[in-house]
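Here's a walk through a protein–DNA assembly, going from the DNA-facing surfaces to the contact between the protein chains. Have the structure open and click along.

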2 protein chains.
Amino acid sequence: MRADARKNHDHLLAVADAVITEQGADASLRDIARRAGVGLATLFRHFPTREALLEALLRDGFDELTARAAELETTSPPEEALVAWLRDFVACAHNYRGVTAAMMTAIEDPQSALHASCEAMRSAGTRLLARAQAEGVARTDIDGTDLFALAGSLAWLHDQPALAPRADRLFGVVVNAILTKSGVASAGEG
Amino acid sequence: MRADARKNHDHLLAVADAVITEQGADASLRDIARRAGVGLATLFRHFPTREALLEALLRDGFDELTARAAELETTSPPEEALVAWLRDFVACAHNYRGVTAAMMTAIEDPQSALHASCEAMRSAGTRLLARAQAEGVARTDIDGTDLFALAGSLAWLHDQPALAPRADRLFGVVVNAILTKSGVASAGEG
DNA sequence: ACCTGAACACCGTTCAAGT
DNA sequence: ACCTGAACACCGTTCAAGT
């Protein structure tokens, strides 16, 4: 990549991060290009779709989450590992408002730029769930996609301004439904 | 209201029902007016905001749900009543894709045309929940707004095409988390 | 009283023309 | 190889002008 292109690429990402943090995943692309002081067509050259831009923004966090799943698998007991990872996942998805719905459509569409990242998330979560199920601490009538769906719905709760204050407590309620033991019912109060 | 205005009003509602069923709550208002064979400004005259239009579409169903809550309170045991009403509520909210988020913002905004309907839903659900809590069949660390939030997140799941097939089963999982007894874990399989 | 076409300021997408 | 302005077809909103 040419030096000026690289510079535009990085600057666009930084501006997009700020704007999407502020306005959500459906922020105006025109506005992003404008604030970056760059032609709108240049934004499209670097990120041909909105999802490609989201993917570039989310990739680092997703890679960290995948690594964290592997780490938790060896360092923490199954129940604790699953709950801790779910909490991190929801926090990451909630990083940009409205990104959860994009992930849910992307995971079913192999063409989507977000597809691979979502798949990685789902399989990481599935492994932690399977481990918990094998140890008898998680209900066995749900699979990794169900877990992904429940995590997504919790991230969605976070996105609703009216409900955000209760999202941590409801996280505890839903986690309690996933686990067969009930020692983590109150997860985020205080 | 003048006869021609009444006719436009009713026809717009019928067309809006079809278009929003097809395209979701963020369907193009221009498209609705176009399909109704009416000027766009006429749509705005009858329904000054998108929420006003949604409210007109949802009102009947919401009124039915309120009546149903009162009915269930006298005809069914507390647990059964709560679960049955929740199921109806989710089905109604899912009637139009994307309407759940609109409801969540409306319930916090007294100015919204949807506010009153949402408040009615919440208080109806709260009464059924309180009854179940008093009988010791529902956990006591959640309130009516939490219930509304969980129901909303289940409706959101229904809206995601990839997750819709699992929404009934996950309804069971979440309901199981709300109830203190566990006799309804598998709610929608078969 | 009610309706409408046109204007306005936006949006995402594309592409010929520039350097 | 990379960037850009302009064009295109959309969108929601408003309002003067019509009946």
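## Around the two DNA strands

Let's begin on the side of DNA strand D, where α3(A) gives the largest share of the nearby surface, 4 residues. Keep in mind that this is a predicted model, so every distance below is a value computed from predicted coordinates.

In total, 21 residues sit around DNA strand D, and those that come nearest are Asn8(A), Thr42(A), Arg30(B), Leu40(B) and Phe44(B). Both protein chains turn up in that short list. Sorted by class, the surface near DNA strand D comes out at 9 nonpolar, 5 polar and 7 charged residues. And what part of the strand faces the protein? Of the strand D atoms within 4 Å of the protein, 53% are sugar or phosphate, and bases make up the rest.

Now for some individual contacts on that strand. Arg30(B) goes to a base: a side-chain N or O atom of Arg30(B) is 2.5 Å from a base nitrogen of DNA strand D. Two residues of chain A reach the phosphates through their backbone instead, namely Arg2(A), with a backbone N or O atom 3.0 Å from a phosphate oxygen, and Gly39(A), with a polar backbone atom 3.0 Å from a phosphate oxygen. As for secondary structure, the elements that put two or more residues on this surface are α1 (3-23) and α3 of chain A, along with α2 (29-35) and α3 of chain B.

Over on DNA strand C, 21 residues surround the strand, and the closest are Arg30(A), Leu40(A), Phe44(A), Asn8(B) and Thr42(B). The class breakdown there reads 9 nonpolar, 5 polar and 7 charged residues. Sugar or phosphate accounts for 54% of the strand C atoms within 4 Å of the protein, with the rest belonging to bases.

Here are three phosphate contacts that chain B makes with strand C:

| Residue | Atom on the protein side | Distance to a phosphate oxygen of DNA strand C |
|---|---|---|
| Asn8(B) | polar side-chain atom | 2.2 Å |
| Gly39(B) | backbone N or O atom | 3.0 Å |
| His46(B) | polar side-chain atom | 3.2 Å |

The elements that give two or more residues to the surface near strand C are α2 (29-35) and α3 (40-46) of chain A, plus α1 (3-23) and α3 (40-46) of chain B. Of these, α3(B) brings the largest share, 4 residues.

## Where the chains meet

Leaving the DNA aside, how many residues of chain B are in contact with chain A? There are 27 of them, touching 27 residues of chain A. The two chains bury about 2500 Å² between them, and 68% of that is on carbon and sulfur atoms. On the chain B side, Trp156(B), Arg166(B) and Val173(B) lose the most area to chain A, together 22% of what that side buries.

There's also a polar side to this interface: the rule finds 6 salt bridges across it, and 8 residue pairs in polar contact, both residues at pLDDT 80 or more. One salt bridge to look up joins Arg166(A) and Asp143(B), whose closest N and O atoms are 2.5 Å apart.

Which helices of chain B supply at least two residues to the side that touches chain A? They are α6 (99-106), α8 (144-159) and α9 (164-178). The largest share, 8 residues, comes from α8(B). By class, that side of chain B has 14 nonpolar, 6 polar and 7 charged residues.

## Inside chain A

As for the fold, chain A has 9 helices and 0 strands. Its C-alpha trace spans about 55 × 35 × 25 Å along the principal axes.

One last stop is the aromatic rings, with 5 aromatic pairs counted over all chains. Among them, Trp85(A) and Phe89(A) form a stacked pair, at 5.5 Å centre to centre with 0 degrees between the planes. Both residues lie in helix α5 (residues 78-93) of chain A, 4 residues apart, about one turn of the helix.

Technical notes: Residues numbered from 1 in each chain as written. Chains lettered and ligands numbered in written order. Predicted model: local features only at pLDDT ≥ 70, side-chain atom pairs only at ≥ 80, totals over all residues. Heavy atoms only, no water. Near = heavy atom within 4 Å. Polar contact = N/O pair within 3.5 Å; in protein donor to acceptor, adjacent residues only side chain to side chain. Nonpolar A, V, L, I, M, F, W, Y, C, P; charged D, E, K, R; others polar. Contact = heavy atoms within 4.5 Å. Buried area = accessible area lost by both parts, 1.4 Å probe. Salt bridge = Lys/Arg side-chain N within 4 Å of Asp/Glu carboxyl O. Phe/Tyr/Trp six-rings, centres within 6.5 Å; stacked < 30°, edge-to-face > 60°.
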